[in-house]
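Hi,

Here's the structure I said I'd pass along. Have a look when you get a minute, and my notes are underneath.

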Amino acid sequence: MVSSYKIFKAQFRLKALKKVYEEKISKKATRGIDRIGIKGFNSIKTRELKIIYKKCNNGTYRFSPYVEKLKSKGRDKKPRLISVSTIRDRIVLSQLKEILHEIFPECVYRKLPNNYIKEIKLFYNKNTSTNLCYFKTDIKSFYDNINHDILLKIICKRVKSNILKSLIRSTLKTPTVPINYKKRNKDKYKRLSGVPQGLSISNILANIYLFEVDKQLKSLGLKYFRYVDDSVPRRQTLLQ
């Protein structure tokens with residue numbers, strides 16, 4: 001297995017950073033706490049990419065606070081809090097996601113929600129047994145309650161690079177704040193647990209955290225489907 005440090009060095013070459021910006025980041029108009037959009041970033045792109053390269057490789061890179069964005073979940077439901085990063089941070093987060101995909105390939109689930117629905121319907125329609133039962137579960141406030149210590153302990157079993165561990169830890173600890181927050185109030189938004197939603201790295205961190213749960217449920221002989229924190233285990237059982 002290639003070491004986590006070598007994977008990190010490959011993803012954080014200046015050439016790789018330029019590529020991810022051009023291919024993945026430069027088409028998105030979302031602004032972070034610095035309010036810099038794509039047009040503004042393009043005017044300072046060369047300098048910013050060099051800063052990312054230098055600071056990530058010498059272990060001094062720091063994320064800016066994420067900006068909160070509230071997304072409606074429907075009537076009578078609390079809105080979902082989405083974390084929006086700066087363009088510079090988005091480049092780093094995208095590379096960290098790719099690194100974790102390479103180190104934890106078994107935790108990469110590329111199916112879209114519609115694919116899971118089709119697969120469940122196909123399984124149900126093909127099964128002629130009348131003794132089929134299932135249950136659907138949702139982990140309440142899953143992202144908000146992920147334990148940092150447990151998640152980092154799992155990650156550190158494979159990630160040995162101190163620089164990489166520090167960057168991943170920083171993605172978890174960086175606070176999500178209102179756009180008009182005052183720096184003197186920064187401690188009010190300190191993140192003690194949870195993975196911020198809306199970042200490119202969020203899903204792979206969640207999947208790493210739940211992977212052992214997936215393994216245990218699958219070992220019980222269940223036909224098991226999970227999308228983020230929603231799961232539908234099914235099995236045949238004898239009902240009298």
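Below is what turned up in it, going from the core to the rings and then to one loop residue.

Keep in mind that this is a predicted model.

First, the core. The largest nonpolar core has 48 residues, and those touching the most other members are I91, V92, L96, L151 and L205. Eight helices, namely α1, α2, α3, α4, α5, α7, α8 and α9, put in at least two residues each. The top contributor is α5, which gives eight. If you want one residue to click on, try V92: skipping neighbours within four places in sequence, V92 is in contact with F12, I52, C56, Y61, F63 and L167.

Next, the rings. There are seven aromatic pairs in the structure. One of them is Y21 with F41, a tilted pair at 5.1 Å centre to centre and 45° between the planes. Y21 sits in helix α2 and F41 in helix α3, so this pair ties together parts 20 residues apart in sequence. Y21 is buried at 0% relative accessibility, and F41 is buried too, at 2%. Then there's Y61 with F63: the ring centres are 5.4 Å apart and the planes are at 80°, so that pair is edge-to-face. Both Y61 and F63 are buried. Y5, F8 and F12 are also worth a look, since ring pairs link them into a cluster.

Last, the loop between β5 and α9, where you'll find N180. N180 is exposed, with a relative accessible area of 59%. Its C-alpha is 9.0 Å from that of I33, although N180 and I33 are 147 residues apart along the chain.

Cheers

Terms used. Residues numbered from 1 in each chain as written. Predicted model: local features only at pLDDT ≥ 70, side-chain atom pairs only at ≥ 80, totals over all residues. Heavy atoms only, no water. Core = buried A, V, L, I, M, F, W, Y, C linked by side-chain atoms within 4.5 Å. Buried < 20%, exposed > 50% of the residue type's maximum accessible area, 1.4 Å probe, protein only. Helix = DSSP H or I, 4+ residues; strand = E, 2+ residues; numbered from the N terminus. Contact = heavy atoms within 4.5 Å. Phe/Tyr/Trp six-rings, centres within 6.5 Å; stacked < 30°, edge-to-face > 60°.
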